[in-house]
Amino acid sequence: MVRLALRSGLRWKVSLAIAAVSALVAIALSLVVHNAARVSMLDNSRAAVNDQVQAAQRMYEKYRILGFGAKLDDKRLPEQLKKEAARGLRATYLGDMGTGTPEVWASVPLRDGKVLSVHTQFKDRARVLDDLDRVLVLGSVSVVMGGIALGVLIGDQLSRRLRKAATAARKLAEGDSEVRVREAIGGRVRDETDDLARAVDGMAEALQQRLEAERRVTADIAHELRTPVTGLLTAAELLPPGRPTELVRDRAQAMRQLVEDVLEVARLDGFAERAELQEIALAEFVTRRVRVAAPDARVSVLRDAHVSTDPRRLERILGNLLANAARHGKPPFEVTVEGRVLRVRDHGPGFPEALLKDGPSRFRTGSKDRAGTGHGLGLTIAVGQARVLGARLTFRNAEPTAEGREGAVAVLWLPESAPTNTGSFPVIEVLD
């Protein structure tokens, strides 16, 4: 069973709400005015007929002439009036069935035992009531349309402010720490949107301060470890040759590399890095660096390009991608240059789902199918260096080949223009 979810904008919800309230108010007022006018018309009609029957009574008793449309012993006289006349009372009767023009009767008993009555419908007054009803209908429609227009205006203003807030919040979530939601929505109106914007800004500032504090702690710890680790490496060099000495040197070197990587990540997180640009031929540069870093990798040049970038940082990105492929993937390793686009592919199990969903994360090496060694810093550093270059680094898994091999694909998109201080593309994009 397919369930359809309808998504409507806030402006239309507000418009419909105001239109519904306007319609209810207009209908209620129209009913009140209509009933009040009808009751007044009927009361006036009773009074007019009563005056007519009294005038007709005086004329008949004085001149024996029936005037004002009066009749004697009218056979159509309602039973209620006959009963009142039998009791010697003057009375009026309203034959109102709720539809059409009401009939108004008035009767009075005479001295000779006869009953004088007057009967009329006051059609002119009924037409006035019909005209009033048409005016009320037009007025109600006008009120509803005005309510809709007012709702669209109010809803559009509120919706625009919320859209601006959502856009600013997305930029904030993507890593743009300079964005503030309150400044993005602007305006002088103070409403709940401002409260929401201030709350989001406060949360962002608190989170930024916490991240900055964590980055400083990490950098301080790594910096403090630098000296003892260097001393450990120096001391290892003085050990006598042998297998234990090799193990100590290897672990000490790994620890030193880890400290250097942590310091680099801390610098990249602080957005303090700047690219030193040079004009290079991308195909030649990549071919030389791959030949040194991964001699077994195959380089394919589909189209060469001259780019303005930082060679040291580009080499760092390329080296980390190749190291990640060698550590977690399987040969053959392929590096493809197509204009400003650089691809690194292996034929291993592919990137784990967590990386494809959330991107690289430090000290997370992936799933059991693509893990085992490393600290999860290689791709994190590659992403940070790409940001400094103003480049975009994406990750995806390749389609299976005819031999059934899949593989991980990392794609580096170098910018056409020189990067800004914080990079043209501050966040990676992960493609499924």
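How close do the axes of helix H7 and helix H8 come, and at what angle do they cross? I started there, keeping in mind that this is a predicted model.

**Entry: H7 and H8**

I looked up the two helices, H7 at residues 282-293 and H8 at residues 311-328. Their axes come within 10 Å and cross at roughly 50°. I noted H7 and H8 as oblique to each other, because the angle is neither under 35 degrees nor in the range of 65 to 115, nor over 145. The crossing of H7 and H8 is right-handed. Next I listed who makes the contact. From H7 I wrote down Leu 282, Phe 285, Val 286, Arg 289, Val 290 and Ala 293. From H8 I wrote down Pro 311, Leu 314, Glu 315, Leu 318 and Leu 322. Sorted by class, the contact of H7 with H8 has 9 nonpolar residues, no polar ones and 2 charged ones.

**Entry: H8 and H10**

I stayed with H8 and turned to helix H10, residues 378-389. H8 and H10 pack at an angle of about 155°, and their axes are 9 Å apart. An angle over 145 degrees counts as roughly antiparallel, so H8 goes down as roughly antiparallel to H10. The crossing of H8 and H10 is left-handed. On the H8 side the contact includes Arg 313, Leu 314, Arg 316 and Ile 317. On the H10 side I found, among others, Leu 379, Ile 381, Ala 382 and Gln 385. The contact of H8 with H10 divides into 9 nonpolar, 4 polar and 2 charged residues. Leu 314 of H8 appears in the contact with H7 and also in the contact with H10.

**Entry: after H8**

Which peptide bond is cis, with omega near 0°? I found the bond from Pro 331 to Pro 332. Pro 332 sits in the loop between H8 and strand E8 (334-338). I added a reminder that most peptide bonds are trans.

**Entry: H1 and H3**

I moved to helix H1 and helix H3, the latter at residues 123-173. The axes of H1 and H3 come within 7 Å and cross at roughly 165°. That angle makes H1 roughly antiparallel to H3. The crossing of H1 and H3 is right-handed. I did not copy out the residues of the contact of H1 with H3, but by class there are 23 nonpolar, 11 polar and 6 charged.

I then checked the record. The unreviewed UniProt entry gives the annotation "transmembrane region" for residues 12-33 and 135-154. In the model, residues 12-33 are 100% helix and 0% strand, with end C-alpha atoms 31 Å apart. Residues 135-154 are also 100% helix and 0% strand. The end C-alpha atoms of residues 135-154 are 28 Å apart.

Just past H1 I looked at Arg 64, found in the loop between H1 and E1. Phi of Arg 64 is positive, near 55°, in a residue other than glycine. Most residues other than glycine have a negative phi.

**Entry: the sheet**

In what order do the strands of the open sheet stand? I read the order of the 4 strands as E1-E4-E3-E2, with antiparallel pairing. Strand E1 (71-72) and strand E2 (91-95) are at the edges with a single partner strand each, so one side of each has no neighbour in the sheet. H1 (residues 10-63) packs on the sheet and touches E1, E2, E3 and strand E4 (115-120). The direction of H1 makes about 35° with that of E3. Helix H2 (residues 79-86) packs on the sheet too, touching E2, E3 and E4. The direction of H2 makes about 175° with that of E2.

I went through the pairs in turn:

- E1 and E4 run antiparallel and are joined by 2 bridges; Lys 71 stands opposite Ser 117 in E4.
- E3 and E4 run antiparallel and are joined by 6 bridges; Trp 105 stands opposite His 119 in E4.
- E2 and E3 (residues 103-109) pair in the antiparallel sense over 5 bridges; Tyr 93 stands opposite Trp 105 in E3.

Trp 105 thus turned up twice, opposite Tyr 93 and opposite His 119.

Last, I checked the hairpin of E3 and E4, which has 5 residues between the strands. There, Gly 113 takes a positive phi near 90°.

Definitions and conventions
Residues numbered from 1 in each chain as written. Predicted model: local features only at pLDDT ≥ 70, side-chain atom pairs only at ≥ 80, totals over all residues. Heavy atoms only, no water. Pairing = 2+ DSSP bridges. Contact = heavy atoms within 4.5 Å. Axes fitted to C-alpha atoms, helices over the stretch in contact; angles between N-to-C directions. Left-handed = near helix turned anticlockwise from the far one by under 90°. Nonpolar A, V, L, I, M, F, W, Y, C, P; charged D, E, K, R; others polar. UniProt positions renumbered as here; feature names shortened; annotations may be inferred.
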